[in-house]
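Please open the model in your viewer and keep the sequence panel at hand. We will go from the whole chain to single side chains, one selection at a time.

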Amino acid sequence: METHITPRKSYRDEFLPVDPVSMPERGTDLSDVGRTLRKRWPSAAAVATAVFAGVSFSTVTQTPDYQSETLILLDKKTGVSIEPTVPLQDGYTAKDLSTEIQILQSRSLVSKAVAQLENSFSNLSVEDVVRNLSIRQAGDADVLIVSYTDRDPERAKAVLEALGNTYVDYSLERQRSEATNAIGFIKEQLPEAQKELNQSASAIREFREKNGIVDPDTHATQVVSIKQSLEQQARDVEIALNRTQRKYQELRLQVSKAGQNPDAALPAAILSQDTVYQQLATQLKEIEAKYTEESSRFYDTHPVVQNLLRQRESMRQLLQYRSQRVLGSAVGQVDITDVSGYGKIQQDLAAQLLEVETELAAQSSQLQSIRQAQAQVENNFEKIPTLQQAYADLEREFKVKSEAVNRFLEKLQELQISEAQEIAPWQILEPPYLPENPVSPNIKRNLLLGLIAGGLLGIGAAILLERTDQRVKGVEEAKELTGLPTLALVPRVSAPVIESYRGQNGEAIRYGSAFTEAVRSLGLNLRYLGAKDEVKTLAFTSSTPSEGKSTLTYNLARVLAELGHRVLLVDADMRKPTVHQMIKQPNALGLSSAIATDRPWRQLIHADDSGKLHIMTSGPMPPNPVVLLESQKMSELLQEWRQVYDYVLLDTTPILGVTDAQSVATKVDSVVFVAAIERATRSTVFQSMEILARTRCHVAGLVVNMVDSEHESYYYSYYYSPYGGGNGNGNGNGNGHNGNGHNGNGHNGNGQMDDAISRTQDILNDLFRRN
């Protein structure tokens, strides 16, 4: 299948340059570091050597120091220090001894120790001892490690002995002093604490007397019990009251059925049970009977009848008076003349009704009493939370003050015992020793650290130089900066000339160098640029000089001619022409002559032995090359060359600095941009892409020149062995058809060739046979 690159109408629309400032930095891996060190090894070696030499010199010339140590135990049981504790695992707490360490390093204590050594070491000063003294805590234990460094080992030991004695004496003095001060403080505070405790106890007693309770919790339990009991009693009385009310209503109904007024039955029943009233009622009945009898015999005016009337009226008045005394205000509910007429049944009903009404009144009174008791209990119940809170506060205050008094008493007893003791709470666990080996300098360690530091700083310096270098360092970076498809990757070689080996029958039997094959690959890729619009005229430019553009163009022309194409190479760099030097011809006549004079251009070319390659040098340098390149004559020459040759290659000036290349770029079919690794910089490539974009010329692609085979994993080892087989171990990247993203892949040894490479070989052999 044939691959090709479709020509683009607008370079600006297709490819935009990437700003080198916004370009992300690539990460630095181990392979990058290795390549950087191989490239920058002199700088890295210089830095590493300087660092190692400085460390070595400092180590050798340094005066040795000796260090001695002693261990001091701080007895926390007999001591009276109130230092904060640090919680540890398993519930154990260790004291923070930072305060003790600061005190022991103070000048007042150190001066006492130095005073003991005045006779033995007269030149010893307090400042020297403080500066060389080190005290630290041994882990979480109450042990201090006291170390002293000195150039004299005997003096180091003597200083520690004197310090140890001073520290032990200080602990004994501090114990006594602290105990005495603490005893005085406790005796001063104890009466006030006891007074507050008594006040708290009095407050609890007053609370109990005022509220009539001993314990609010117990009182709450009793109130709840009473409340529940009253609720049960109220329910029972309400049930009995309802039952009595129903019975009362039934009796009233029975009384009504018996012909009595239920409201009058009760007063009548009461009167029926009154003896005096019954006697008077009986007498009234007798008088009524006599009156009836006599009235039938005599007229109403008869004295006997009149006398009976007066007796009857007097008896009624007595009944009225008696009933009023018995019934009170209810006397109006009964007819005093009919009371005596009640029968046995009516009396029994009235008596039952009276009894039920009495029971109903008693039950109502009982329920009212229970309701009043419930209200009182509810009131007491609502006060319980307040009483409990107040009592809890009083009890808590009493407990706190009681504990404070107890602690004062216990601490007072401990301090009195401690004050009476004569044993120092601190003791020396390990006496100082006489050091034999110096602690500084540690020659082996210093030299090792110097070697490591020198190596790291050397590597860092190399990486720093590499990262600050703005030159393009890799193929991917060039592709990101330009945004162009890669046409070829040309390796860095000492002699950039193509090599060709032919057999006696003209067939190519072996490839040449990696450079040769890269240029041939570029030549093959150029064939596919004209898939739609024929591309014959190509201008080659770069961002800066010395990127190998002219050498690459010249060798490409040779390759295209070798492939059987008619090629014209034109040196359009009239400022610094180089093509005439490559073909070793004078530059007296050339492109400038063809444009500026009427001399036929065919008389100005140089042909090779095959006749396929024609070369036109730049000619004499004109005052203003841009005028010639922008002329109509230049456009006419390009059109004429398109008709005569298969390819017209123009070697132009760099795109930056002068406008020669811009003038040519707008007249040719396409432009090939050449970027050399370690020659072009990010800024120059970026500016070149902007200029090409402004000219709106068509850019065919990118040729990356001077590629480091190791830096880009770009190996060409298989180029140096025949394609016919063998046990090659090449693991590089082939550079087959690189147009339009088709990159040939290298081989992994064992003599197996990639299909793309095989097709390329067949094409080349076929071309050589035809030639």
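Of the 771 residues in this chain, 43% count as buried. The model is a predicted one, so treat each stop below as a look at a prediction. With the whole chain selected, colour by secondary structure: there are 22 helices and 16 strands. Now show the surface, which comes to about 41,200 Å², with carbon and sulfur atoms supplying 50% of it. How far apart in sequence are the residues that touch each other? Among contacts between residues at least 6 apart in sequence, 78% join residues at least 24 apart. Several of the stops that follow are examples of distant parts of the chain being linked.

**Stop 1: Glu378 and Lys227**

Select Glu378 and Lys227 and show their side chains. They meet in a salt bridge, with N to O at 3.1 Å. Glu378 belongs to helix H11 (residues 344-420) and Lys227 to helix H7 (residues 216-257), so this pair ties together parts 151 residues apart in sequence. Are these two side chains buried, exposed or in between? Glu378 has a relative accessibility of 29% and counts as partly exposed. Lys227, at 22%, also counts as partly exposed. The structure holds 19 salt bridges by the rule used here, and we will visit some others.

**Stop 2: Lys549 and Asp651**

Next, select Lys549 and Asp651. The closest N and O atoms of this salt bridge are 2.9 Å apart. Lys549 sits in helix H15 (residues 549-562) and Asp651 in strand E14 (residues 647-651), so a helix and a strand 102 residues apart in sequence are tied together. Hide the surface to see the pair: Lys549 counts as buried at 7% relative accessibility, and Asp651 counts as buried at 0%. While you have salt bridges on display, add Glu517, Arg520 and Glu562 to the selection. Salt bridges that share partners join these three residues into one network.

**Stop 3: Arg471 and Glu678**

Now move to Arg471 and Glu678. Here the salt bridge has its closest N and O atoms 3.5 Å apart. Which parts of the chain does this pair link? Arg471 is in the loop between helix H12 (443-468) and helix H13 (475-482), while Glu678 is in the loop between strand E15 (670-676) and helix H21 (682-695), 207 residues apart. Arg471 counts as partly exposed at 27% relative accessibility, whereas Glu678, at 15%, counts as buried.

Stay on Glu678 for a moment and check its backbone. Its phi is near 70°, a positive value in a residue other than glycine.

**Stop 4: H13 against H21**

The two loops of the last stop lead on to our next selection, helices H13 and H21. Their axes come within 9 Å and cross at roughly 35°. The crossing is right-handed. Show side chains at the contact: Glu477, Leu481 and Thr482 of H13 meet Arg682, Val685 and Met689 of H21. By type, the residues of this contact divide into 3 nonpolar, 1 polar and 2 charged.

**Stop 5: Ala676 in strand E15**

Go back along the chain to Ala676, which lies in strand E15. Is this residue buried or exposed? At 1% relative accessibility, Ala676 counts as buried. Select Asn705 as well and draw a distance between the two C-alpha atoms: the separation is 4.4 Å, although the residues are 29 apart along the chain. Then select what surrounds Ala676. Leaving aside neighbours within four places in sequence, Ala676 is in contact with Glu547, Asn705 and Met706.

**Stop 6: Lys584**

For the last stop, select Lys584, in the loop between helix H16 (579-582) and helix H17 (591-596). Its phi is near 55°, again a positive value in a residue other than glycine. Turn the surface back on to look at its setting: Lys584 is exposed, with a relative accessible area of 74%. To end, put it on screen beside Glu678, whose phi is also positive but which counts as buried at 15% relative accessibility.

Technical notes
Residues are numbered from 1 along each chain as its sequence is written. This is a predicted model: local features need pLDDT of at least 70, side-chain atom pairs count only at pLDDT 80 or more; totals for chains, interfaces and linings use all residues. Side-chain values use heavy atoms; hydrogens and water are left out. A salt bridge is a side-chain nitrogen of Lys or Arg within 4 Å of a carboxyl oxygen of Asp or Glu. Helices (H or I, at least four residues) and strands (E, at least two) are DSSP runs, numbered from the N terminus. Buried means under 20% relative accessible area, exposed over 50%, partly exposed in between (1.4 Å probe, protein chains only). Axes are lines fitted to C-alpha atoms, for helices over the stretch in contact, and angles run from 0 to 180 degrees between N-to-C directions. A crossing is left-handed if the near helix is turned anticlockwise from the far one by less than a right angle, and right-handed if clockwise. Contact means heavy atoms within 4.5 Å. Ala, Val, Leu, Ile, Met, Phe, Trp, Tyr, Cys and Pro count as nonpolar, Asp, Glu, Lys and Arg as charged, and the others, Gly among them, as polar. Accessible areas come from the Shrake-Rupley method with a 1.4 Å probe; for residues, only the protein chains shown count as cover.
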